[in-house]
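I opened the model to look up its sheets, one helix contact and its pockets. My entries follow in the order I made them.

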Amino acid sequence: MNKHSARLSAAFHGRKRVKKLAADFLLIDVSNSFTKLAFASRSRIGRPSKIPTPTLTAERIARILQGRDAATVVVSSVVPKKNREIKRAADNRNLIWLTSRSRLNVRIDYPNPKTIGADRLANAVAVATLYGTPAIVIDFGTAVTFDIVAPDRAYIGGVIAPGLEAMTNFLYDRTALLPRISLREPQTVIGKSTNQAMLAGAIFGYRGLVREILQRITAEKWWKGKVRIVATGGYAKLIARKLPEVETVHENLTLEGLRLVGCMNSPGADPSKV
């Protein structure tokens, strides 16, 4: 073997020896459009993967689990018809479904807790631990949701509005001449083409929607001290980065919430150490 071949061989075998994240959990966040999955230890999550929810099958999840030691699968799901696929893939692993009856680090002050989306509870759990309270989480998904956690760590409700992509797709589907647009930051508010005009209306108009809802929430629930406002979800960076009201964008906030729920609800868990 020459020196060049020896270096290639060493590099190859070195890559093979790279240690994967020790996986206590497989986290699965099933939303209407996409499902995000990530392995996690008790202290951090690994790199997430994202697949279209219609393609989520037991076989696909089983392939992801193959060769990993994750003994617990932690799930938030807002698509009930996919739950059977997850149950099949989990096999004999411990399976934790996030619901309002799960052990959480927030209490629920809400008339019918069973109707709260599991992803919204995950966001509340994560924001309370990572950023403190009072807090508002804005999740830019198929719908945009606003969830409020009071200073005493009580989840008190929120707001649901149509998602950005749902709004623009509605225009495309319901009109004869308006095109489907690719969402990005407009260069100007006055469009010189149909595409530019739609883009300006979508992005600037959507920021206006978010700002108005935030203003009304903070006017209705005024607390002393800083209200932490955290954005997450697919279009969080595009919309929230130009909103000074938003403190930070955390793309994996829901998965962080699932990790914390896993720590609090797995066998032998000590909630005081979360």
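Entry 1, helix 3. I began with helix 3, residues 83-90, which lies across strand 1, strand 4 and strand 5. Against strand 5 I read an angle of about 155 degrees. I note here that the model is a predicted one.

Entry 2, the five-stranded sheet. I then looked up the sheet to which these strands belong. I found an open sheet of five strands, in the order 3-2-1-4-5, with mixed pairing. Its edges are strand 3 (49-52) and strand 5 (94-97), each of which pairs on one side only. On average, neighbouring strands of this sheet are turned by 20 degrees against each other, direction ignored. I checked one pair inside it: strand 1 (residues 25-30) and strand 4 (residues 72-77) are parallel and share six bridges. Within that pair I located Leu27, whose bridge partner in strand 4 is Val74.

Entry 3, the six-stranded sheet. I noted another open sheet, with six strands in the order 6-9-8-7-10-11 and mixed pairing. Strand 6 (107-108) and strand 11 form the edges, and each pairs on one side only. I followed strand 10 through its partners. With strand 7 it pairs in the parallel sense over six bridges. Ile136 stands opposite Ile229 of strand 10, and Ile138 stands opposite Ala231 of strand 10. Strand 10 also runs parallel to strand 11 (residues 248-249), joined to it by two bridges. There I met Ala231 again, standing opposite Val249 in strand 11.

Entry 4, helix 4 against helix 8. At what angle do helix 4 and helix 8 pack? I read about 85 degrees, with the axes 7 Å apart. Helix 4 is therefore roughly perpendicular to helix 8. From helix 4 the contact uses Asp119, Ala122, Asn123, Val125, Ala126, Val127, Thr129 and Leu130. From helix 8 it uses Leu253, Thr254, Glu256, Gly257, Leu258, Leu260, Val261 and Met264. By class I listed ten nonpolar, four polar and two charged residues in this contact.

Entry 5, the largest pocket. I turned to empty space and read a volume of about 820 Å³ for the largest pocket. Which residues lie nearest its centre? I found Ser31, Phe140, Gly141, Thr142 and Gly234, out of 34 lining residues. I also looked up which elements give two or more residues to this lining. Among them are strand 2 (34-40), strand 7 (135-140), strand 8 (143-149) and strand 10 (228-233). The helices listed are helix 4 (118-130), helix 5 (164-174), helix 7 (236-240) and helix 8 (253-265). Both helices of entry 4, helix 4 and helix 8, are thus on this list. The lining has twelve nonpolar, 13 polar and nine charged residues.

Entry 6, the second largest pocket. How many residues line the second largest pocket? I found 15, and the closest to its centre are Ser77, Leu98, Thr99, Lys114 and Ala118. The volume I read is about 260 Å³. Its lining has eight nonpolar, five polar and two charged residues.

How values were computed. Residues numbered from 1 in each chain as written. Predicted model: local features only at pLDDT ≥ 70, side-chain atom pairs only at ≥ 80, totals over all residues. Heavy atoms only, no water. 1 Å grid on protein atoms, 1.4 Å probe; cavity = no way out; pocket = protein on both sides within 12 Å on 5 of 7 lines; lining within 4 Å. Points joined across faces, edges and corners; volume = space filled by probe spheres on them. Nonpolar A, V, L, I, M, F, W, Y, C, P; charged D, E, K, R; others polar. Axes fitted to C-alpha atoms, helices over the stretch in contact; angles between N-to-C directions. Parallel < 35°, antiparallel > 145°, perpendicular 65-115°, else oblique. Contact = heavy atoms within 4.5 Å. Pairing = 2+ DSSP bridges.
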